[in-house]
Amino acid sequence: MKGWIKMNNNTIEMPVLALRGITIFPGMMMHFDVKRPRSVAALEEAMKRDQRLFLAAQKMAQVEEPDPASDLYMDGNVTKIKQMIKLPSGIVRVLAEGVSRGRMVETFDDEPFLYADIETPEADTIMEASPEKEALVGAALDVVDGFFAINPNFSKEASIAIHAAKEVGALADAIGFHLISAIENKQSILANQEPVSRLKLAIKILHSEIEIARLKNEINSQVKVNIDQNQKEYYLREQLKVIQSELGDVQEMMDEADEYDERAKKLNASKEVKEKLAKEIKRFRRISPSSAEGAVARNYIETLLEIPWKKKTKESLDIKKAQEILDRDHYGLEKLKERVIEHLAVRQLSKGTDSPILCLVGPPGTGKTSVAQSIAKALNRKYVRISLGGVRDEAEIRGHRRTYIGAMPGRLVSALRQADTANPLILLDELDKMSSDFRGDPGAAMLEVLDSEQNSKFRDHYVEVPVDLSDVLFIATANDVRTIPSPLLDRLEMIPIHSYTENEKLHIAKEYLVDKQLEKHGMTADQFKISDKALSTVINCYTKEAGVRNLERRLGELCRKAAKEVLMNNKKRVQVGENNLKKYLGIPLYRTSELPEAPQVGIARGLAWTSVGGDTLSIEVNVMDGKGQFEITGQIGDVMKESAKAAISYIRSKADELDVPDDFYKTKDIHIHIPEGAVPKDGPSAGITMATAMISALSGVPVCHEVAMTGEITLRGRVLPIGGLKEKLLAAKRLGIKKVLVPCDNERDVEKISKEITSGLEIVYVQSMDDVMPHALVKEGEEK
Ligand code: ADP
């Protein structure tokens, strides 16, 4: 072993700098930063002297003020300071070069810096080339290579520096400086002065460090593999879940598509329909069943599958039987039944030729719907009703295109699906209540439906393939012909249904409605009896209508009350007569006669036709001194205003004859008012009534209160014919009118009206106002 070289009493006194976490070796250059004041002071002292500084490593890096005796390694390095840069933050950056090993023999702490007496060993002896040296260096480099093998990212300079070391001792130092990581291991290499043993020590330490690093790596990679494995499994499981649910869905969808295919195969439809279906089902297989698109496709396929393309019921062609059924279900309506039977006969004989569509026109509750139902029954056709009231959108008839969200087929295709046969009877109810706006004209679509030339290939926007409507029997209903879209009128054959007379209503009630209501309320004919008189009272005092809908409701009410009585009071039967009617239905809503009791000046009674039946209207005229102004009020239309003006002109031209002041048009103000105008009325037929009321008001002669009249007036006082006579006469009769003035030209119509209506009414035919006056105005001395 070589001894220490002793300088100045075997030691050199030198400032000492405590390094944290770094050990420097002889011949190595390194940068480090200094901040602690004692260290900076030591540095400055070294610079003042010969730039030599002893660097000693701290055992624990975190100690701020190390005690030289216990906290510093005694072995360190004598270094030469090559460079010193003061950085702004008070840090001093130092470049130092290891000169030789050194050991602190004694430390002194009485200056602002630490200094010590340092012993330095002799320089390493140079080992001569020998197999031993070669083996030793080779072994060391093998280990070094081993180190670089497992640390491929380690600095290349380190490898170069180590391989450049020629001597055994320098090689050990290079390994210690560059590769060894633990500070105590570095220190033990530094403390070893003998080159061969130092290199062996370095090899040993490096070996064990490599081993530790390898183990660490292994552990790390195992941990990582564990985590990776877990993540992988989690990910796979998640995927599996998705795949399973998809597979489930897909399976479901495939099952569904198979079922569709099966149904499509069995479907009795044209080739075009089948091809379309096959295409759609194929598409359906490709899209996700739970997506919105899947729902749309499903809907469409089901619509196509449910349309009865060629499925038909066997039509009964027995006309006699049809007649029987119509007779059995409805009282009266002879004309209608006859016309229906004719229509059916022609249809049958002329098979498929263009026959018009029947349109039943009449007030509500007159049996239009129920006649259509009977026709369906008679022909053994399914019955479906499409209510057209309030339909404004063309798409309601023709369907929405499939691209719309929530698109649906139109009403006709829906009706076919509902009927489930291709030859049902479709009732187009309230055809006159259809209107058009910006959403298109449903009337035009309807025209295509009703045209036998086109309806065998009716195109619904939703369905896309043409639907054959030519086997459908259409029947339409309307209340008022005037509001049916005009292009449709051409295709329709109107069959009027009139208001019922009291007698007809009585028969309908007795023979049909009572039984129907009893059945509906679960009662037998034995449990409920109603006298004819009571029925008449119900008709006259509890209802006021053209049809029998309210009458049916009233009878239903009676049945309900009777049922309650039967159960609560243990009654065997309930007998409803005129005297106990009030108990069940309350006080009467209408009086039989609302006629004024005596003739009055300026009030005349007219007759009106409305879509809900006939009505009477009293026209009131007031004449006041004024400037010839004219006013007309009440719920009336333009036509009525014009007839009022015509009447005034007529009166002016005949003022003398009529006993009316000549200058009334200058000196009197005339006000015409039409009360009870809840139902808007219009039409020229109140002309003669307004003229009569005005003449009466101007001349002061009263109008006979039991007279009603209807007729259009011309400027010359001629009376022109009017329509809706049956309804008007019925209304007059209901009110208790005795005499009705009717235009001469309507005589033919009156002849057609049944005796039941005309009996008890004196009908006077008038040709001009001259004929009206004697009957309407009360003659002098006569109080009629
Ligand atoms: P609409 O369609 O003309 O408004 P409905 O057909 O609904 O009238 O008729 C209302 C009710 O009156 C139905 O129960 C119907 O059976 C009955 N009804 C109407 N007219 C007759 C009739 N002539 N004979 C028997 N019942 C009738």
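In which handedness of crossing, left-handed or right-handed, does α17 pass α18? To find out, keep in mind that what you have open is a predicted model, and begin by selecting helix α17, residues 532-542, together with helix α18, residues 549-568. Turn the view until both helices can be followed, and you will find that α17 passes α18 in a right-handed crossing.

**The pair of helices**

Two packed helices are described by the angle between their axes and the distance between the axes. Here the axes of α17 and α18 come within 10 Å and cross at roughly 125 degrees, which makes α17 oblique to α18, since this angle falls outside the range of 65 to 115 degrees for roughly perpendicular and is not over 145, as roughly antiparallel would require.

Next, show the side chains where the helices touch: on the α17 side select Leu535, Val538, Ile539 and Tyr542, and on the α18 side select Leu551, Arg554 and Leu555, which they meet. Sorted by kind, the residues of this contact comprise six nonpolar and one charged, with no polar residue among them.

**Two loops with a positive phi**

Stay with α18 and move on to the loop between α18 and β14 (574-576), where Asn570 lies. Most residues other than glycine have a negative phi, but the phi of Asn570 is positive, near 50 degrees. Colour the residue by accessibility if your viewer allows it, and note that Asn570 counts as exposed because its relative accessibility is 70%, where exposed means over 50%.

Then select Asp420, which is placed in the loop between α13 (411-419) and β10 (425-429). Asp420 also has a positive phi, about 65 degrees, although it is not a glycine. Its relative accessibility is 32%, and so Asp420 counts as partly exposed.

**Aromatic rings**

For the last part of the tour, display the rings of the aromatic residues, among which the count comes to nine aromatic pairs. One of these is formed by Phe148 and Phe154, whose rings are 5.8 Å apart centre to centre, with 75 degrees between the planes, an edge-to-face arrangement.

Is Phe148 buried or exposed? With a relative accessibility of 15%, Phe148 counts as buried, whereas its partner Phe154, at 28%, counts as partly exposed. The cut-off that places Phe148 in its class is 20% relative accessible area, under which a residue is buried.

Finish by selecting Phe108, Phe113 and Tyr115 together, as these residues form one aromatic cluster.

Methods: Residues numbered from 1 in each chain as written. Predicted model: local features only at pLDDT ≥ 70, side-chain atom pairs only at ≥ 80, totals over all residues. Heavy atoms only, no water. Axes fitted to C-alpha atoms, helices over the stretch in contact; angles between N-to-C directions. Helix = DSSP H or I, 4+ residues; strand = E, 2+ residues; numbered from the N terminus. Parallel < 35°, antiparallel > 145°, perpendicular 65-115°, else oblique. Left-handed = near helix turned anticlockwise from the far one by under 90°. Contact = heavy atoms within 4.5 Å. Nonpolar A, V, L, I, M, F, W, Y, C, P; charged D, E, K, R; others polar. Buried < 20%, exposed > 50% of the residue type's maximum accessible area, 1.4 Å probe, protein only. Phe/Tyr/Trp six-rings, centres within 6.5 Å; stacked < 30°, edge-to-face > 60°.
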